[in-house]
Amino acid sequence: MRAGIPIFIGGLALGISSALSQTGDLNLPKSIAAGVPFSIQSTGSGKGTLYIVGPGQMIKQDVQLGGSIEIATGALYNAGHYSVWIASDSSTQSGAIDVTPSAKPADLTFIAKPSRLPVSLHNGITGSAYVFDSYGNLITKPMQVSFQLSNPGSAPQTRTVETRNGAAWTQMDSATREGKAQFVARVGDVSSTRIVGQVPGDPCTIKMSAKPAGNKIQLVTDPVRDCSGNAIPDGTIVTFTETYGASKTTVDVPLKKGIASVQVPAHRGATISVASGVVLGNQVRWAE
Amino acid sequence: MSNGGGRLLALVLAGATIALIAIGTLSPSKTATAAAGGVHFTTSAGTPEAAVRSLGEQIRANAFGRAYEGLANKGEFSEQQFRRDLTSGWPDLRTYATLSDFQVQPLHATDTDAAVRFKMQWSTVVGPSPSTRDLHLVKNGGRWQIEWPIQKEPVVPPQVIPVNYLRWDVINRSSADDWGAQDVEAPHVRIVDMHPVQRAEGLVLLGELLNEDVVPAYVSVTATLLSKDQKPIDTEGSFDDISHQLLPKQVTPFLIRFPNVNISQVGSVRMTPFSTLISASADPVIEIQNEKLNPAPDASLTGQLTNQSGQIANVAHVLGTFYDQSGQVVWVGDQYVDHALLPQTPVAFNIHIPEDLARKVSSERTVVATYSFGGTQ
C-alpha cells in the first residue's frame, strides 16, 4: 500500500504536466505550522482541481480559478514537504509547501528505564522524552524538558534538558531508601509520569544463630538487610549448609517476615554456614 | 453377482473368521493375554534367573496380578501395595512410565535359596529412569519363587498444614497501551561462572546463573560458539540442564552441549541469558539431606530430598554442581526423581559423575526444582 503512494504521485504529476500545455507557479506560503489555515492564490478562470500531496496525507478538491483558495484549520496537519497542483483543462499551476510541527507541545512520550532497580545506583535510571504537537508531529525545534525524580522522604532530583531532534534524555541516581519513586517529565504545561520501583540491593551481612530443637538444630537469621539498612524482601532465598564428615545437608529457605528459619539434623561437630546469592554469612560450629 | 456367488463368499468369510479365532485362542500375544488376565507368560522358574526374568516380563506387560500371584511372600502385602510399589500411589513420573527393559544378574545361589539383582529401566516422559532391587528367591517344590522386597509407600497422616509463603503474580502492560507506556521489568539475572569442558562427545559449557533481582524469574541460557575469525559455529541452549525457575537470589547451574565440536575450533563464546517474569510461589521448601560424594568406581552424588512443606511435589529435578579444589565448576549432573515428594518423607537421589571427572571433584552444591501437577511451583 505504502509503495503504491509514490508511484501514484509520480503518475499524477506526469499525467498533469503532459496533458497540459500551459504551466505556472502558484502563490502560496513556503511554510505553515501543522493545522494552520492558509490560502492559495490561483490565476486563470474557470474550474480546476487542487491536489496537495505529501507524506501520509493527500487533499483533492474542486476549486474556482482566479481567486483565493482557502485551506481550512486542521486540514493539512502531517509535518513534511507537500507538492501542490491546480489543474484545469487549459493550464496547470504548481508549487510546494512545508508543513512544520506546531510550536505548542501537546503530548509527551516518556520512557523511563528500568521500572525496577536496586537502591543507591549512580545514574541507574534513564528517562527519554519525545515531544509531540496536537497532531502527533514530533516537534524538532529545541525545547526545554524538565525531569524530576521524587523519592519519598528525600529531596527530588531535577534536571532540565534541551531537546535535540525532538528528544531529550537524562540519567538519575536511585535513592538510598527503598520505595516507589515518581519520575516526571514536563514540557510547557504537558507532563508524563512514570513509577520506578527502588528495591533493596544485596544483603550486606547475614547473621545466623543456632539452638537445639529436639534432635534437630533450629537455625534462624537476624533480619536480613542491605548496606543501606533496607529490609531484604520476603521470598529471597537464603541457603543453609550443614557439613558433617563427608556428608552435607542443604536447604534453600525463602525469607519470611524478614528472617529465614529452618531445622536441620543435629550432628556433633557439624559446621553450618549461611549464604544468599553471592553474599556469605557467618559460620556456626555445632558442639552439642 | 449371482446368488450362488454371494453364498460362496459368505461361506469363505465365515470359514476364515473361525480359523482366525482358533489361531488367536491357541497362540495369543503376550500383551493381549496379560490384558485379558488369562493365559500364562513364560513361567519357567527352573532357575532363579528364569524366575526373575518371568517376573520382569509380567511387569513389562503390566500384568501385576500375575506377578503378585507368583511371589513367595505375597502374604506380607496386598496386590495393591505391590502395584503401588512399582507404579507409585501419587501422580509422579513413575505413574506414567513403562518398563522398557530389565537385566537379571545372579549374585549368589544355593540349592534352596538365591540372590539376584533385578535392574529395571523405566521409560518416563523425561527420559530413562533406572531402578534396582536385590531379590531373594527360595525354592518351593522344585520351583523358584521371589520374595519381593516391598517398599511400602509412606502414609502421610491426614492433617492441615498452614502455608503462608509468598506468592508472586504478574500483570503485564496491555497491548492497547501507547508504545512508550511502562511495562514491568524483566528480572535481572547474571552469569556468575562459565567454563568450557572438552568431552569425547563434544564441547560442554558449564556455569552458574544468579537471579539478582527481588522477583522470581523463568530463566534459560543460550550460547553461540564463534570461530577465531568470529564466525558462528553453533548455537545451543541449556534445555533441561538448568533449574528454569529461580526465586530471588537463587543460583542454578547450567550445562550446554555442543556435540562434535572441538574446543580448538572455538575463538570465543557469546552467552545469552534469558529471563522473564513468572508467577511463582516460595513453597515448597525442599531440604537436601545426607549429600555425599561417592568416589569412583560408580562415582556419584547421593542424598535424600525431604519436602518440608505441606504441598506434594509430584516431580523433583535435582541438579548437582561439582567444583574442583580451586572452586571452578568441573561438571553439572542431574536426576529426575521418579517418586512424588510427600511432606516430611525422604526420597533418595543419585546423580552419576563421569569417572574421569570424579577425581577432580572436591565439593558440590545441589539445588532442586519441583513441579506440582496443576502448575509450576
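1. In this predicted model, domain 1 of chain B meets domain 3 of chain B through 11 residues on the domain 1 side and 9 residues on the domain 3 side. The domain 1 side of that contact is made up of 6 nonpolar, 3 polar and 2 charged residues.

2. The bounds behind these names are as follows: the domain assignment of chain B places domain 1 at 33-147, domain 2 at 183-279 and domain 3 at 283-376. Taken over C-alpha atoms, the centres of domain 1 and domain 3 of chain B are 28 Å apart.

3. Turning to the contact between the chains, chain A contributes 29 residues and chain B contributes 27 residues. On the chain A side, at least two residues each come from strand 9 (107-113), strand 16 (190-199) and strand 22 (247-254) of chain A. Strand 22 of chain A gives the largest share of that side, with 8 residues. Sorted by class, the side of chain A that touches chain B holds 14 nonpolar, 9 polar and 6 charged residues.

4. Strand 22 of chain A also takes part in strand pairing across the two chains: with strand 14 of chain B, residues 286-294, it forms an antiparallel pair over 4 bridges. Within strand 14 of chain B, Lys292(B) is the residue that stands opposite Ser247(A).

5. For a check against the coordinates, which strand of chain A supplies the largest share of the side that touches chain B? Strand 22 of chain A does, with 8 residues, and its antiparallel partner in chain B is strand 14.

Notes: Residues numbered from 1 in each chain as written. Chains lettered and ligands numbered in written order. Predicted model: local features only at pLDDT ≥ 70, side-chain atom pairs only at ≥ 80, totals over all residues. Domains from an automatic or database assignment. Contact = placed C-beta atoms within 7 Å. Nonpolar A, V, L, I, M, F, W, Y, C, P; charged D, E, K, R; others polar. Pairing = 2+ DSSP bridges.
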